[in-house]
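Q: Hi! I'm new to this one and would love a quick walk through it. Can you help me out?
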Amino acid sequence: MTSFLTLPIELVYRILDNLDKLTIFCSMQNVCVRFNIILNTYHRYKTLTKLDLRWNEFNNEKTKELVDTIKHFKTLITLNLAFNEIGLEGVQHLANALLHNETLITLDISFNGIGTQLAEYFANVLRQNKTLTTLRLSGNEIGEQGVQHLANALLQNKTLTGLYLNSNQIGDLGFKHLINVLQHNKTLNSLDIGHNEIGSLEAIEHLANVLRENQTLKTLDLRNNNIGIQGMQYLASALIKNTTLIELNIHENNIGVEGAQYLRNILQQNETLMILDIGSNHIGNRGAHDFADGLRQNYTLTTLDICQNGVGSEGAEHLANALQQNKALISLDLNGNQIGPRGAEYFANTLRYNKTLTTLDLYGNRIRSEGAQYLAIALEQNKTLTTLGLSCNSINDNGVQYFANALLQNKVFLSFLIYFSFFIFNNLFDKDTQKS
């Protein structure tokens with residue numbers, strides 16, 4: 001009788017071909033010496049560098065088994081364990097294994113709800129580990145005390161470049177600990193502290209003072225932290241002088257119309273910022289006007305999210321006119337505003353002249369078929385736009401037909417992704433193709 005242990009290696013390879021990565025990685029090792037040898041020659045095992053184990057219900061025991069495997073695995077560089085309800089015991093095993101690990105560079109254990117102790121374990125990791133560059137701990141309720149553990153470790157750590165702590169209830173005190181890190185740490189270039197109940201003007205002012213001098217940070221996520229108008233003023237005064245920050249997210253921070261004026265100043269004077277998210281900040285038409293003034297004079301911003309800001313046709317006119325002069329912006333997200341058919345007409349006029357914009361998202365803007373017609377006519381001439389979002393705009397069959405006709409005329413239509421009413425659009429497009 002043939003046993004699994006005596007099967008020809010080719011047949012073992014075929015069996016392994018039908019197993020998922022988790023089974024191969026965690027269950028097939030150390031069965032016997034011969035099987036370990038076969039595994040070490042199997043191509044999927046030898047080349048495994050990334051392991052995505054989200055939503056796998058890893059308990060403490062399963063986490064320990066995984067950790068024991070990682071200790072002997074020499075190619076894994078990215079491990080994702082988010083959304084697994086890992087307990088403290090499992091996290092402790094993982095942290096202990098990483099103390100001397102020399103291969104893993106990215107670890108994600110977000111949304112496991114572990115608490116302050118998680119941060120303490122990984123603070124120890126950051127003091128000793130020399131290879132980990134990206135650590136994602138979002139949604140773990142680590143609180144102010146947990147952030148303090150991490151901040152103290154980052155004052156010594158020289159390798160971590162990305163830290164993601166959104167949704168951790170760190171509060172103003174935890175925020176101050178991280179600001180201290182930014183003042184002294186010279187390697188951290190990406191920090192996510194969104195959704196963390198930060199609202200102290202004193203803390204925002206302190207951050208602004210640090211950003212004036214910081215030469216390392218390139219990406220900062222402050223979304224949903226109630227920065228407000230005064231906080232925006234502090235940040236703007238710092239970003240006018242900052243020369244390293246490339247990406248800023250201040251989505252949903254109640255900056256309002258007045259805050260948009262400070263954003264205008266940033267756009268007019270900052271020469272490094274490339275990606276900006278100011279969505280859900282209630283800037284309205286007046287704020288869009290001020291922001292457009294800054295956009296006219298900006299030469300570096302390439303990606304802008306201004307979604308859900310109460311921008312109507314008047315604000316759309318200012319933004320569209322600015323894009324006739326702006327030569328840098330390639331992606332604009334205006335979803336969830338109220339620009340209507342008239343606003344669509346303004347952007348249609350812009351698309352006839354603008355040579356840089358490749359992505360425009362007008363999802364949920366009530367442009368209806370009238371607005372669709374304006375845009376479709378513009379697309380017959382435009383040769384650069386490749387993605388246009390028009391979902392939830394009450395565009396009927398006639399509106400879709402306008403786009404079908406336009407794309408037949410546009411020489412780069414195969415690159416277009418107009419994502420609305422796919423079934424209707426495809427049917428109409430097929431009919432027109434048959435007629436031609």
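Q: Let's start with one residue: is Asn 129 buried or exposed?
A: Happy to help! This is a predicted model. Asn 129 counts as buried, because its relative accessibility is 3% and the cut-off for buried is under 20%.

Q: Where does Asn 129 sit along the chain?
A: You'll find Asn 129 in the loop that runs between helix H7 (116-128) and strand E4 (134-136).

Q: And what does the side chain of Asn 129 reach?
A: It reaches the backbone oxygen of Asn 101, at 3.4 Å. A polar atom of the Asn 129 side chain also lies 2.8 Å from the backbone nitrogen of Thr 131.

Q: Which residues is Asn 129 in contact with, leaving aside neighbours within four places in sequence?
A: Those are Leu 98, Leu 99, Asn 101, Asn 157 and Thr 159.

Q: New topic: where is Leu 76?
A: Leu 76 is in a loop too, the one between helix H5 (60-70) and strand E2 (78-80). With 3% relative accessibility, Leu 76 counts as buried.

Q: How far apart are the C-alpha atoms of Leu 76 and Thr 103?
A: They are separated by 6.4 Å, while the two residues are 27 residues apart along the chain.

Q: Zooming out, how many helices and strands does the protein have?
A: There are 18 helices and 14 strands.

Q: What share of the residues is buried?
A: Buried residues make up 53% of the 436 in the protein.

Q: And how much area does the protein expose?
A: About 19,600 Å², with carbon and sulfur atoms supplying 48% of it.

Definitions and conventions
Residues are numbered from 1 along each chain as its sequence is written. This is a predicted model: local features need pLDDT of at least 70, side-chain atom pairs count only at pLDDT 80 or more; totals for chains, interfaces and linings use all residues. Side-chain values use heavy atoms; hydrogens and water are left out. Helices (H or I, at least four residues) and strands (E, at least two) are DSSP runs, numbered from the N terminus. Buried means under 20% relative accessible area, exposed over 50%, partly exposed in between (1.4 Å probe, protein chains only). Accessible areas come from the Shrake-Rupley method with a 1.4 Å probe; for residues, only the protein chains shown count as cover. A polar contact is a pair of N or O atoms within 3.5 Å; within protein, one must be able to donate a hydrogen and the other to accept it, and residues adjacent in sequence count only if both atoms are side-chain atoms. Contact means heavy atoms within 4.5 Å.
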